[in-house]
Amino acid sequence: VLVGSHGEKDGLNDDAVLDYRGNPVDKSKTGGWLAAGLILGCELSERICVMGISMNLVPYLVGDLHISAAKSATLVTNFMGTLNLLGLLGGFLADAKLSRYVTVAISAAITSLGVILLTVATTIPSMRPSPCDEYRRQHHECIEANGRQLALLYVALYTIALGCGGIKSNVSSFGSDQFDVTDPKEENAMIFFISRFYFGISIGSLFGVIVLVYIQDNIGRGLGYGISAATMVIALAVLLCGTPWYRFKRPQGSPLTISWRVLFLALKKRNQSYPSHPSLLNDYENRKVPHTKRFKCLDKAAVLDDDCAANTNKNKPCVVSTVTQVEEVKMVLKLLPIWSTCILFWTIYSQMTTFTIHQATAMHRTVGSFVIPAGSFSAFLVVTILLFTSLNEKVFVPLARKLTHNVQGITCLQRIGIGLILSIAAMVGAAIVEKERRERAIQKEIKLSAFWLFIQFFLVGCGEAFAYVGQLEFFIREAPDRMKSMSTGLFLSTISMGFFVSSLLVYIVDHATKKSWLRTNLNKGKLNNFYWLLAALGFINLLVFLILASRHQYRTHLPIKPESREEELKSLNNEMIEDVEKKASIQSLKNIEP
């Protein structure tokens with residue numbers, strides 16, 4: 001609050017870094033690893049909560065609430081999709097008004113409330129239907145949880161989604177704010193922080209899927225979720241206690257606001273005619289990026305009409321946009337075709353949190369006398385992601401540099417392509433494993449080992465190691481310099497849409513097959529056909545991606561010439577003179593006889 005209210009104090013500019021009292025920071029007393037480490041606790045707790053809930057929610061919905069497998073999968077994917085989508089809202093609020101610190105603190109409090117509500121919802125006996133024996137379960141005669149029993153569960157899950165979305169979109173940026181990139185020593189520390197940040201995420205994920213899932217299945221869900229709630233409350237307390245050591249930046253406005261304003265003004269001025277030359281557009285002389293002809297209809301947002309002709313309205317963003325703002329929106333729109341082909345990867349990834357876990361419940365999970373919880377098999381996914389993320393940078397990229405003689409080794413689009421290929425292979429492997437599991441269960445009454453699920457976990461994990469980095473790098477690199485936060489938004493939206501597309505596919509398949517593919521009793525269903533469908537859709541998506549990627553031109557930073565209409569006309573005139581002289585010389589050569 002003090003940072004925001006003392007914004008103009010002492011003539012400080014918008015980029016000034018302040019302490020919690022609104023004064024210029026003292027580097028010796030603020031920021032650095034101490035502040036960043038305190039902030040990292042929030043992300044660690046967020047991962048513990050999300051992974052501990054999402055990776056083991058389907059067994060609870062199917063086994064305790066007697067909800068069908070298809071409906072349970074849809075509930076989980078809708079929850080995860082909403083969580084990532086609300087990350088956009090959290091980022092917008094932080095950039096536009098609240099600041100990252102306030103947004104993270106409020107989001108952590110909301111998450112704590114949500115997990116406490118989930119603890120209550122899974123502990124109170126009246127929130128669950130009566131128990132069901134194995135015979136009734138096999139014949140689908142169990143009583144499903146009613147709306148009253150599910151109400152508190154839904155409120156808890158979407159409260160968690162709201163809070164975790166705000167944390168996810170801001171905590172890494174707020175942690176990076178604790179380092180001064182103009183100081184080489186602090187810049188190196190920030191790079192180390194980013195690598196430790198990802199390591200913290202992975203440690204939280206492993207703790208969630210191994211320790212908390214075991215507690216939920218063997219001791220009690222109330223205790224498991226209670227531990228998650230306690231970790232988030234502790235993380236919030238640590239975050240607040242560290243306030244005097246943080247460095248703060250004031251909100252400078254969200255790029256989403258600029259984008260919507262350009263689109264609105266272009267629509268509003270759609271009936272106006274284009275100027276005779278682009279240099280007549282608003283603020284053409286001061287543009288930061290070259291003017292382009294693509295998406296020409298958006299240029300109307302920068303048209304100076306009669307009301308704007310006077311300089312009084314030129315600087316009012318609600319009346320007219322600048323050429324730079326219009327071109328930046330065009331650059332974002334240019335990314336959307338590639339963005340659309342990234343969605344299906346996350347649709348395939350979402351199966352690792354739903355049907356793959358449901359498969360594990362029907363497979364042999366015993367090692368000696370110890371029964372491994374179904375949700376804990378997702379640890380294979382986390383470990384694979386950790387392993388291949390390290391191998392990417394230490395083995396694959398250096399090897400690719402030697403083979404391609406390219407500094408990058410492999411481009412971000414090539415990374416995405418590899419991820420898409422591996423996701424298709426994962427669905428092919430999942431379909432084969434499920435077919436074998438079902439045949440053994442029906443014909444020989446033998447349970448296939450759940451360790452066969454390692455194939456799909458491994459391939460999807462490898463795919464994420466490539467696709468995650470490739471997508472994030474692509475959006476960061478290709479987004480406009482002043483819209484870098486849009487890159488995180490575009491990335492989160494692909495994940496969100498992937499989960500929602502999974503929900504849509506489950507709904508369509510469940511109705512189209514009259515519930516014959518996706519059954520709660522997997523032995524009576526045909527889950528392998530659903531995996532084959534995803535593999536086929538993934539292959540079609542890959543072909544579309546290859547076409548779009550081959551046509552995509554990476555962003556280049558070219559000098560903007562000419563700077564004015566007069567210079568452009570002069571340049572055009574010189575080109576015409578050169579062209580005429582060239583034609584004349586060719587004609588003269590033709591007239592020379594041998």
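**Exercise 1. The second largest pocket**

Task: State the volume of the second largest pocket, and describe which residues and elements line it.

Solution.
Step 1. In this predicted model, the second largest pocket has a volume of about 860 Å³.
Step 2. Its lining consists of 32 residues, and those closest to the pocket's centre are Glu134, Arg137, Thr361, Ala362 and Arg365.
Step 3. Five elements each give two or more residues to this lining: helix 3 (57-63), helix 6 (134-138), helix 8 (184-218), helix 13 (355-361) and helix 15 (412-444).
Step 4. Helix 3 supplies the largest share, 4 residues.
Step 5. Sorted by class, the lining holds 12 nonpolar, 11 polar and 9 charged residues.
Step 6. Domain 1 (15-253) and domain 2 (334-555) each contribute at least three residues to the lining.

A general remark on method: rolling a probe the size of a water molecule over the atoms shows where empty space is left.

**Exercise 2. Two residues with positive phi**

Task: For Ser99 and Glu445, give the phi angle, then decide whether Ser99 is buried or exposed and whether Glu445 is buried or exposed.

Solution.
Step 1. Recall that most residues other than glycine have a negative phi.
Step 2. Ser99 is not a glycine, yet its phi is positive, about 85°. Glu445 is also not a glycine, and its phi is about 55°.
Step 3. Locate both residues. Ser99 sits in the loop between helix 4 (69-98) and helix 5 (100-123), while Glu445 lies in the loop between helix 15 and helix 16 (454-478).
Step 4. Apply the cut-offs: buried means under 20% relative accessible area, and exposed means over 50%.
Step 5. Ser99 has a relative accessible area of 13%, so Ser99 is buried. Glu445 has 73%, so Glu445 is exposed.

**Exercise 3. Asn23 and Phe248**

Task: Find where Asn23 is placed, and how far Asn23 is from Phe248 in sequence and in space.

Solution.
Step 1. Asn23 belongs to the loop between strand 1 (17-18) and helix 2 (32-54).
Step 2. The relative accessibility of Asn23 is 25%, and therefore Asn23 counts as partly exposed.
Step 3. In sequence, Asn23 and Phe248 are 225 residues apart; in space, their C-alpha atoms are 9.9 Å apart.

**Exercise 4. The whole protein**

Task: Count the helices and strands, and give the percentage of residues that are buried.

Solution.
Step 1. The protein contains 19 helices and 4 strands.
Step 2. Of its 594 residues, 49% are buried.
Step 3. The protein exposes about 28,100 Å², with carbon and sulfur atoms supplying 63% of that area.

Conventions
Residues numbered from 1 in each chain as written. Predicted model: local features only at pLDDT ≥ 70, side-chain atom pairs only at ≥ 80, totals over all residues. Heavy atoms only, no water. Buried < 20%, exposed > 50% of the residue type's maximum accessible area, 1.4 Å probe, protein only. Areas by Shrake-Rupley, 256 points an atom, 1.4 Å probe, with all protein chains shown as cover. 1 Å grid on protein atoms, 1.4 Å probe; cavity = no way out; pocket = protein on both sides within 12 Å on 5 of 7 lines; lining within 4 Å. Points joined across faces, edges and corners; volume = space filled by probe spheres on them. Nonpolar A, V, L, I, M, F, W, Y, C, P; charged D, E, K, R; others polar. Domains from an automatic or database assignment.
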